[in-house]
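Hi everyone, thanks for coming. Let's take a look at this one together, and I'll point out a few places to rest your eyes.

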Amino acid sequence: MSYPGYPPTGYPPFPGYPPAGQESSFPPPGQYPYPSGFPPVGGGAYPPAPSSSYPGAGGYPAPGGYPAPGGYPGAPPPGGAPAYPGVPPGQGFGAPPGGAGFSGYPQPPSQSYGSGPAQVPLPGGFPGGQMPSQYPGGQAPYQSQPAAMTQGVQGTVQPAANFDAMRDAEILRKAMKGFGTDEQAIVDVVASRSSDQRQKIKAAFKTMYGKDLIKDLKSELSGNMEELILALFMPSTYYDAWSLRNAMKGAGTQERVLIEILCTRTNQEIREIVRCYQSEFGRDLEKDIRSDTSGHFERLLVSMCQGNRDENQNVNHQLAQEDAQRLYQAGEGRLGTDESCFNMILATRSFPQLKATVEAYSRVANRDLLSSVAREFSGSVESGLKTILQCALNRPAFFAERLYYSMKGAGTDDSTLVRIVVTRSEIDLVQIKQTFSQMYQKTLGTMIASDTSGDYRKLLLAIVGQ
């Protein structure tokens, strides 16, 4: 099995090189002494040159886009399935290998998505959409996650190169000056800058014009477009804290929002949200949760906002077996349900550990743990527990499903659409899009385009990368 466009037999010849009739000699005779470490003249494919040898000897440009010797991280040996370096057989994600070039190595559970984009995004998965059956340990790295996604996760929004905050601030000022607003200019700037860069534009705007960019934007925009632009200009932690505050303000509580944020974020993200909630709104998040929710759902959310989930990436299969047994005895295996047992396991175990527990549970109970949760619980606590399990199995699929239901049927839940597109745009929106197409046989862009309109649609599609 080989990746599309990745021949197992070595690198492809550089286009137009070597010149006809000179195939065997490299470089042309007499131009350089023949470097050591290459096959004898007339030999076969070149081995990857040692890093110390000439970069591009003989005017032969190093082919752009190829990684350092050793090939792509996780590239398959000829005819084999991708061996996931550093992953013991049968165990989804291990600790990322220490080798260079693995900055984008995925650790879905902790969302430490490396610093750069993943090295080899493979749209559409494996050739023919088939997932090879011979993974190490005989199981796919993600129970329901297509193979392409195990390469790494990446956002659709990357920081702009040659970024100039003052130039951008000036463009935005011009777009809002005089009669009417040049929305296209705003879309062009906002969609192609990272969150950090947008914060710098905000600061530059205030320095240059003595005005608050957010207030100016608010006065020029309205409705969904306003909500989307404001979300994009909020730092990500503040946006999560603000969404939680909004979900509990006034009459009624938006439980889905509390679940979507508190059950899917990493420990560090949750601790930062709690601090930000206190400093920005002068309120204690845990107290607000206690006063707005009750019963087992309240306990689950209070557990979540401690930000104390185990984040060790190694899986203890013995513990997974014991937890599966405990969950069975707390639910299907008795009359009634011992809710605290579910809470304890789902709130403390790491995501890879929970994934192993789900697999062990189906062997113990002959039933899927998600369907057992649906039988034993109802309402918000059921949704919360299921969200945790879905994130353990396939986080992009959880968000893809939320996006789908925000647009399905009559009307659009624009707040959810905006919140997910904005919060995942720099984390894993590429994988969410791929999963969305596989789950619903249509692209996320197509669905957004048919459900929204105007500049709001333009900006959403620009962020989604359509």
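How many aromatic pairs does the structure hold? There are 10 of them. Do keep in mind as we go that this is a predicted model.

Let me pick out one pair, Tyr 404 with Tyr 405. Their ring centres are 5.2 Å apart. The planes meet at 85°, and because an angle over 60 degrees counts as edge-to-face, that is what we call this pair. Tyr 404 is also buried, since its relative accessible area is 14%, and the cut-off for buried is under 20%. Now widen the view a little: Tyr 404 and Tyr 405 join Phe 436 and Tyr 440 in one aromatic cluster.

Rings have charged partners here too. If you find Phe 351, you'll see the charged end of Arg 395 over its ring, 4.9 Å from the centre. Over at Tyr 209, Arg 173 lies over the face of the ring, and the distance to the ring centre is 5.3 Å.

My last stop is Thr 253. Where is Thr 253 found? Look in the loop that runs between helix H6, residues 236–248, and helix H7, residues 255–262. Is Thr 253 buried or exposed? It is buried, because its relative accessible area of 18% falls under the 20% limit.

And what does Thr 253 touch, leaving aside residues up to four places away in sequence? The answer is Ala 247, Met 248, Leu 258 and Asp 292. With Asp 292 there is a polar contact as well, side chain to side chain, at 2.8 Å.

That's my tour; thanks for listening!

Conventions:
Residues numbered from 1 in each chain as written. Predicted model: local features only at pLDDT ≥ 70, side-chain atom pairs only at ≥ 80, totals over all residues. Heavy atoms only, no water. Helix = DSSP H or I, 4+ residues; strand = E, 2+ residues; numbered from the N terminus. Buried < 20%, exposed > 50% of the residue type's maximum accessible area, 1.4 Å probe, protein only. Polar contact = N/O pair within 3.5 Å; in protein donor to acceptor, adjacent residues only side chain to side chain. Contact = heavy atoms within 4.5 Å. Phe/Tyr/Trp six-rings, centres within 6.5 Å; stacked < 30°, edge-to-face > 60°. Lys NZ or Arg CZ within 6 Å of the ring centre and 35° of its normal.
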